[in-house]
Amino acid sequence: MPPSPDRIRATAEAYLVRTPGEQHLLAPLFTALAGPQDPSHRKTFPAHVTCSAIVLDAADRVLHIHHNATGKYLAPGGHIEPGDQDLVRAALRELFEEAGIPDHAVAPLAGFETVPLDIDVHDIDANSAKEEPAHQHVDFRFAFRLTAQRTVTLQTEEVSGYDWRPLKETASPTVRAKLALL
């Protein structure tokens, strides 16, 4: 069963304890949590929750995956599925599905075991093929350290490339800034 709205709210509130200046950025999340629909469901509009895995290797490089849908290099991540027990497990499932890295090959960064490093709200264009209006993703980004050398194995239906980027070249400016503080 996917995480409940109460569990999502508790995770977001724990994040805001660390980053109180971001309260206004998470307004779409709290609006979705107050609504009647499940904010973890991919068809909840105008906003729903997604999860990503920020993975650092031994050289502090950050894994980026080329997502076919956006054409961008981003952290491995995506929608919550019915079998995801919590937000962290959703991020780890997406990491395995997109990059072939199993959960036992990574460990959460100390202090970030259950709290995301970053939460990002970004716009998604309408997609008539999927019958989706323009909406927003509220992406809970959990940080992990690769604990063993792993080969990235791509799921070619959704992704088509990967790159290990130095910290200063991390695609997300907010993730880059937060990792630099650690």
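**Exercise 1. Place tyrosine 73 in the fold and describe its surroundings.**

Solution. The first step is to find the element: tyrosine 73 is part of strand β3, which covers residues 72–74. The model examined here is a predicted one, and the values below are computed from it. The second step is to ask how far the residue is covered; with a relative accessible area of 30%, tyrosine 73 is partly exposed, since that class lies between under 20% for buried and over 50% for exposed. The third step is to list its partners beyond four places in sequence, and these are His64, Ile65, His66, Gly161, Tyr162, Asp163, Arg165 and Ala171. The last step looks further away: lysine 130 stands 57 residues from tyrosine 73 in sequence, and their C-alpha atoms are 22 Å apart in space.

**Exercise 2. State how many helices and strands the protein has, and in what pattern they follow one another.**

Solution. Begin with the count, which gives four helices and eight strands. Then read along the sequence, where the pattern is α-α-β-β-β-β-α-β-β-β-β-α. The protein is as compact as a globular protein of its length, because its radius of gyration of 15 Å is close to the 16 Å that the globule rule gives for 182 residues. To add the dimensions, the C-alpha trace spans about 45 × 40 × 30 Å along the principal axes. Finally, consider which contacts hold between distant parts of the chain: among those joining residues at least 6 apart in sequence, 68% link residues at least 24 apart.

**Exercise 3. Describe the surface and the charges of the protein.**

Solution. Start with burial, for which 46% of the 182 residues count as buried. Next take the accessible surface, which comes to about 9,200 Å², with 55% of it belonging to carbon and sulfur atoms. Then turn to the charged side chains, of which 17 are positive and 25 negative, while the centres of the two sets lie 4 Å apart.

**Exercise 4. Decide whether arginine 141 is buried or exposed, and find its side-chain polar partner.**

Solution. First locate the residue, which belongs to strand β7, residues 135–146. Arginine 141 has a relative accessible area of 11% and is therefore buried, the limit for that class being under 20%. The next step is the polar contact, which the side chain of arginine 141 makes with the side chain of aspartate 120 at 3.3 Å. Aspartate 120 also appears among the contacts of arginine 141 outside four places in sequence, a list that includes Ser52, Ile54, Pro116 and Thr174 as well.

**Exercise 5. Do the same for glutamate 94.**

Solution. Glutamate 94 sits in helix α3, which runs over residues 87–99. Its relative accessible area is 6%, so glutamate 94 counts as buried. A polar contact of 3.2 Å connects its side chain with that of arginine 93. Setting aside residues within four places in sequence, the contacts of glutamate 94 are with Cys51, Pro76, Gly77, Gly78, His79 and Ala99.

**Exercise 6. Examine the backbone at proline 46, aspartate 60 and glutamate 131.**

Solution. Take the peptide bond first: from phenylalanine 45 to proline 46 it is cis, with omega near 15°, and proline 46 lies in the loop between α2 (27–34) and β1 (47–56). Then consider aspartate 60, whose phi is near 60°, a positive value in a residue other than glycine. Aspartate 60 belongs to the loop between β1 and β2 (61–67) and is partly exposed at 35% relative accessible area. Glutamate 131, also a residue other than glycine, has a positive phi near 55°. Its place is the loop between β6 (118–124) and β7, where glutamate 131 is exposed, with a relative accessible area of 70%.

**Exercise 7. Find where alanine 134 lies and which residues it contacts.**

Solution. Alanine 134 is in the loop between β6 and β7. At 53% relative accessibility, alanine 134 counts as exposed, since that class begins over 50%. Apart from neighbours within four places in sequence, alanine 134 contacts Ile124, Asp125 and Ala126. As a last step, compare sequence with space: alanine 134 and alanine 47 are 87 residues apart in sequence, whereas their C-alpha atoms are 9.3 Å apart.

Technical notes
Residues are numbered from 1 along each chain as its sequence is written. This is a predicted model: local features need pLDDT of at least 70, side-chain atom pairs count only at pLDDT 80 or more; totals for chains, interfaces and linings use all residues. Side-chain values use heavy atoms; hydrogens and water are left out. Helices (H or I, at least four residues) and strands (E, at least two) are DSSP runs, numbered from the N terminus. The radius of gyration is taken over C-alpha atoms; the globule rule is 2.2 Å times the number of residues to the power 0.38. Buried means under 20% relative accessible area, exposed over 50%, partly exposed in between (1.4 Å probe, protein chains only). Contact means heavy atoms within 4.5 Å. Accessible areas come from the Shrake-Rupley method with a 1.4 Å probe; for residues, only the protein chains shown count as cover. Lys and Arg count as positive and Asp and Glu as negative; His and the chain ends are not counted. The place of a charge is taken as NZ of Lys, CZ of Arg, CG of Asp or CD of Glu. A polar contact is a pair of N or O atoms within 3.5 Å; within protein, one must be able to donate a hydrogen and the other to accept it, and residues adjacent in sequence count only if both atoms are side-chain atoms.
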